[in-house]
Amino acid sequence: LAALRMQATLMGLSEKWSLEGLPEIRFRSGINTARVLVGNYGCNYRINYTALGDGVNLASRLEASNKAFGTVVMVSESTVGRAPAGLRFRKLGRVIVPGKAEVVTVHELLFEHNGVLPSPTEQPEAEKSSGDDPLVLYHWQWVRRDLVLRAAGLYEKGIALYSDGDSAGALRWFREALSVLPWDSPSRLLVECCEGSGNGSSDGVIRVTK
């Protein structure tokens, strides 16, 4: 929830700064759940409060891997398994992140399923939705929640096939996801992987190189 609220708050600030002629700011988050060491480390003349451990390193790699997928919040499988009810995730696939050799399953945090962040009263008047299709902040744009869910569902059908090595079958679902949200970055990336021009492979693993 903190990552979603950070995104919503920064979106509002960026719109304000844009009106003042200032550059917009964007951020990415990587979230992992693991046992790590947290505390003050150092010596008498230099102490730093920090977190240490492989779990911290993975979170950092997930943050950087957002750039390849075009996502905002990337989450590990261990975090999804402990997440509170009401959060909607999209399974992005099996990935090897930079600096790591093992395969990890990663997800994208989409939005709070039982609520809209920020609240509808904070959405721009021209972009408010009505009825059963509220708008959610997705990839720094206001998008109808039902469209995000449809695209995510189609993507997940594709990634299931892709992970099993069926690139040809997966390609159809990724293209359908793009027909719902033409600018959906993960779907574009996986189309490239299926067509042999991306970072995919025959074993269904996506290798993030930078």
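1. Let's start with Cys-194: is this residue buried or exposed in this predicted model? Cys-194 is buried, because its relative accessible area is 16% and the cut-off for buried is under 20%. Cys-43 has a relative accessibility of 30%, so that residue counts as partly exposed.

2. On to bonding. A disulfide is a covalent bond between the sulfur atoms of two cysteines. How many disulfides turn up here? The count is zero. Take Cys-194 again: the nearest cysteine sulfur belongs to Cys-193 and sits 6.9 Å away, and Cys-194 is in no disulfide. For reference, the sulfur atoms would have to be within 2.5 Å.

3. Now the sheet. Strands of a sheet pair through backbone hydrogen bonds, either parallel or antiparallel. This one is an open sheet with five strands, and if you trace across it the order reads 1-4-6-5-9, with mixed pairing. At the edges you'll find strand 1 (29-31) and strand 9 (205-207), each pairing on one side only. Going from one strand to the next, the twist averages 40 degrees.

4. Have a look at the strand 9 end. Which strand pairs with strand 9 in the parallel sense? That's strand 5, residues 87-96, and the two share three bridges. If you want a spot to zoom in on, Arg-94 stands opposite Val-205 in strand 9.

5. Last, the helix over the strands. Helix 1 covers residues 2-19 and lies across strand 1, strand 4 (73-76), strand 5 and strand 6 (104-112). Relative to strand 6, helix 1 runs at about 55 degrees.

How values were computed: Residues numbered from 1 in each chain as written. Predicted model: local features only at pLDDT ≥ 70, side-chain atom pairs only at ≥ 80, totals over all residues. Heavy atoms only, no water. Buried < 20%, exposed > 50% of the residue type's maximum accessible area, 1.4 Å probe, protein only. Pairing = 2+ DSSP bridges. Helix = DSSP H or I, 4+ residues; strand = E, 2+ residues; numbered from the N terminus. Axes fitted to C-alpha atoms, helices over the stretch in contact; angles between N-to-C directions. Contact = heavy atoms within 4.5 Å.
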